[in-house]
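Visitor: I'm new to this, and I'd like to know how you get from numbers to words. Could you walk me through it?

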Amino acid sequence: MTIYIDPPTWPGHGRMWSHLVSDVSFEELHAFAARIGCPPRAFERDHYDVPEAHYADAVRAGAKEVGSKEIVRRITAAGLRRPKGRPAPSRPAATAPSASA
């Protein structure tokens, strides 16, 4: 398993946030995120947003700490980078929001 997390240095909604990514597959990323309790709504195009309060949980579960530039480099090299304006990858059916939501 190859999951990475950058330091919680991204401000938003009164908190600081990290990015959780995989350089292997979105399936691996979704499975890891579910295991540490990240809700599906935290997935944004190619990463999960993880609040600072849960950073240590992700690291304890096996996420490797790297810098933000390294995160982008790794997911770009793996072909998993999805910048704004490009279609987001689909989530597994088990974690996708229901049509009635």
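Guide: Sure! Going along the sequence, the protein chain follows the pattern β-β-β-α-β-β-α-β-α. That gives three helices and six strands. Keep in mind that this is a predicted model.

Visitor: How much of the protein chain is buried?

Guide: Buried residues account for 37% of its 101 residues. As for the outside, the chain exposes about 5900 Å², with carbon and sulfur atoms supplying 56% of that.

Visitor: Let's pick a strand. What makes β3 mostly covered?

Guide: Strand β3 covers residues 15-22, and six of its eight residues are buried.

Visitor: And how do you know that strand β1 and β3 pair?

Guide: Two strands pair if there are at least two bridges between them. Strand β1 (residues 3-5) and β3 have three bridges, in the antiparallel sense, so they pass the test. One spot to look at is Tyr4, which stands opposite Val21 in β3.

Visitor: Which other strands are joined to β3?

Guide: Strand β2 (residues 10-12) is joined to β3 by three bridges, and the two run antiparallel. Gly12 has Arg15 in β3 as its bridge partner. β2 and β3 form a hairpin with two residues between them, and His13 in the turn has a positive phi of about 55 degrees. Then there's strand β5 (residues 47-51), which runs antiparallel to β3 with four bridges. There, His19 stands opposite Asp49 in β5.

Visitor: On to the rings. How many aromatic pairs are there in the whole structure?

Guide: A search turns up two. One is formed by Phe26 and Phe43, which are edge-to-face, at 6.0 Å centre to centre with 80 degrees between the planes. This pair links distant parts of the chain: Phe26 sits in helix α1 (residues 26-35) and Phe43 in strand β4 (residues 43-44), 17 residues apart.

Visitor: Why is the pair of Phe26 and Phe43 called edge-to-face?

Guide: Rings pair if their centres lie within 6.5 Å, and planes over 60 degrees apart count as edge-to-face. With 6.0 Å and 80 degrees, Phe26 and Phe43 fit both conditions, so the name follows.

Visitor: Why is the pair of Phe43 and Tyr48 called tilted, then?

Guide: Their ring centres are 5.2 Å apart and their planes stand at 55 degrees. Stacked needs under 30 degrees and edge-to-face needs over 60. The 55 degrees fits neither, so this pair is tilted. Ring pairs link Phe26, Phe43 and Tyr48 into a cluster.

Visitor: How do you know whether Phe43 and Tyr48 are buried or exposed?

Guide: Buried means under 20% relative accessible area. Phe43 has 7%, so it counts as buried. Tyr48 has 2%, so Tyr48 is buried too.

Visitor: Where is Asp46, and what does its side chain make polar contacts with?

Guide: Asp46 is in the loop between β4 and β5. A polar contact of 2.8 Å joins its side chain to that of His47, and another of 2.9 Å goes to the side chain of Arg81. Polar contacts need N or O atoms within 3.5 Å.

Visitor: Is Asp46 buried or exposed?

Guide: Asp46 has a relative accessible area of 2%, so it's buried. Not counting residues up to four places away in sequence, it touches several others, including Phe26, Leu29 and Pro83.

Visitor: What makes Asp23 and Arg74 a salt bridge?

Guide: The cut-off is 4 Å between a side-chain nitrogen of Lys or Arg and a carboxyl oxygen of Asp or Glu. Their closest N and O atoms are 3.5 Å apart, so the pair qualifies. Asp23 is in the loop between β3 and α1, while Arg74 is in helix α3 (residues 68-77), 51 residues apart.

Visitor: Why is Asp23 called partly exposed?

Guide: Partly exposed lies between buried, under 20%, and exposed, over 50%. Asp23 has 21%, so that's the label it gets.

Visitor: How many salt bridges are there by this rule?

Guide: Six. Among them is Glu70 with Arg73, at 2.8 Å between the closest N and O atoms. Being three residues apart in helix α3, these two are separated by about one helical turn. Asp23, Glu70, Arg73 and Arg74 are linked in a network of salt bridges.

Conventions
Residues are numbered from 1 along each chain as its sequence is written. This is a predicted model: local features need pLDDT of at least 70, side-chain atom pairs count only at pLDDT 80 or more; totals for chains, interfaces and linings use all residues. Side-chain values use heavy atoms; hydrogens and water are left out. Buried means under 20% relative accessible area, exposed over 50%, partly exposed in between (1.4 Å probe, protein chains only). Accessible areas come from the Shrake-Rupley method with a 1.4 Å probe; for residues, only the protein chains shown count as cover. A polar contact is a pair of N or O atoms within 3.5 Å; within protein, one must be able to donate a hydrogen and the other to accept it, and residues adjacent in sequence count only if both atoms are side-chain atoms. Contact means heavy atoms within 4.5 Å.
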